[in-house]
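Subject: Structure handover and notes

Dear colleague,

I am passing on the structure we discussed, and my notes on it follow below. Please read them alongside the coordinates.

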Amino acid sequence: LYILLLAWTIGWALKRVSVTINENARPAGFAQGLAQGAMMPCALPNLLVGVDVPIYAKNNTGRTYKLGYTVGVNACGAIFFGIFFWRLNRWKKRNDVPA
């Protein structure tokens, strides 16, 4: 139940931020690209269940937005996979049995 509630909350926040960015008359810049890039992986559960969430601002500044988006996606991935592999390494060390 908590996982579903968390997924719904993340999806709602992602959609709200994306709609706000896309409704703004000013083109999205580096900071908006960074935010949308960091939240892009969170869109997967919503997309899988058929909820269409925008993950990229149509009205953007070009290179600066794309740089922010790329940094956001990569930072999110580095944090996720960094924590995953750190925990995996700790688990392996804890379960190593000396010969």
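Which residues form the largest nonpolar core? In this predicted model, that core has 5 residues, namely I21, A28, A57, Y65 and Y69. In soluble globular proteins, nonpolar side chains tend to be buried together.

Around the core

Y69, one of the residues of that core, is in contact with G33, L34, Q36, G37, M40, I55 and Y56 once its neighbours within four places in sequence are set aside. One of these partners, Q36, belongs to helix α2, which covers residues 30-39. Q36 counts as buried because its relative accessibility is 1%, which falls under the 20% cut-off. The side chain of Q36 makes a polar contact with the side chain of Y65, at 2.4 Å, and you may wish to look at that pair in the viewer. With neighbours within four places in sequence again left aside, Q36 is in contact with S18, I21, P54, I55, Y56, A57, Y65 and Y69, a list that includes the core residues I21, A57, Y65 and Y69.

The loop before α4

N60 is located in the loop between α3 (43-48) and α4. Is N60 buried or exposed? With a relative accessible area of 19%, N60 is buried, because the cut-off for that class is under 20%. The side chain of N60 reaches the backbone oxygen of A57 at 2.9 Å, and A57 is itself one of the core residues. Not counting residues up to four places away in sequence, N60 touches P27, A28 and Y65, of which A28 and Y65 are listed in the core.

The surface of the model

A nonpolar patch on the surface is formed by F80, F81, F84, F85, L88 and W91, which together have about 650 Å² of accessible area. Within this patch, F85 is found in helix α4, residues 63-95, and F85 is partly exposed, with a relative accessible area of 48%; the class follows because that value lies between the cut-offs of 20% and 50%.

Helix α1

T9 has its place in helix α1, which covers residues 2-23, and T9 is partly exposed, with a relative accessible area of 36%. A polar atom of the T9 side chain lies 2.8 Å from the backbone oxygen of L5.

Best regards

How values were computed: Residues are numbered from 1 along each chain as its sequence is written. This is a predicted model: local features need pLDDT of at least 70, side-chain atom pairs count only at pLDDT 80 or more; totals for chains, interfaces and linings use all residues. Side-chain values use heavy atoms; hydrogens and water are left out. Patches are made of residues with over 30% relative accessible area and no salt bridge: like charges are joined within 9 Å, nonpolar side chains (Val, Leu, Ile, Met, Phe, Trp, Tyr) within 5 Å. Accessible areas come from the Shrake-Rupley method with a 1.4 Å probe; for residues, only the protein chains shown count as cover. A salt bridge is a side-chain nitrogen of Lys or Arg within 4 Å of a carboxyl oxygen of Asp or Glu. Helices (H or I, at least four residues) and strands (E, at least two) are DSSP runs, numbered from the N terminus. Buried means under 20% relative accessible area, exposed over 50%, partly exposed in between (1.4 Å probe, protein chains only). A nonpolar core is a set of buried Ala, Val, Leu, Ile, Met, Phe, Trp, Tyr and Cys residues joined through side-chain atoms within 4.5 Å. Contact means heavy atoms within 4.5 Å. A polar contact is a pair of N or O atoms within 3.5 Å; within protein, one must be able to donate a hydrogen and the other to accept it, and residues adjacent in sequence count only if both atoms are side-chain atoms.
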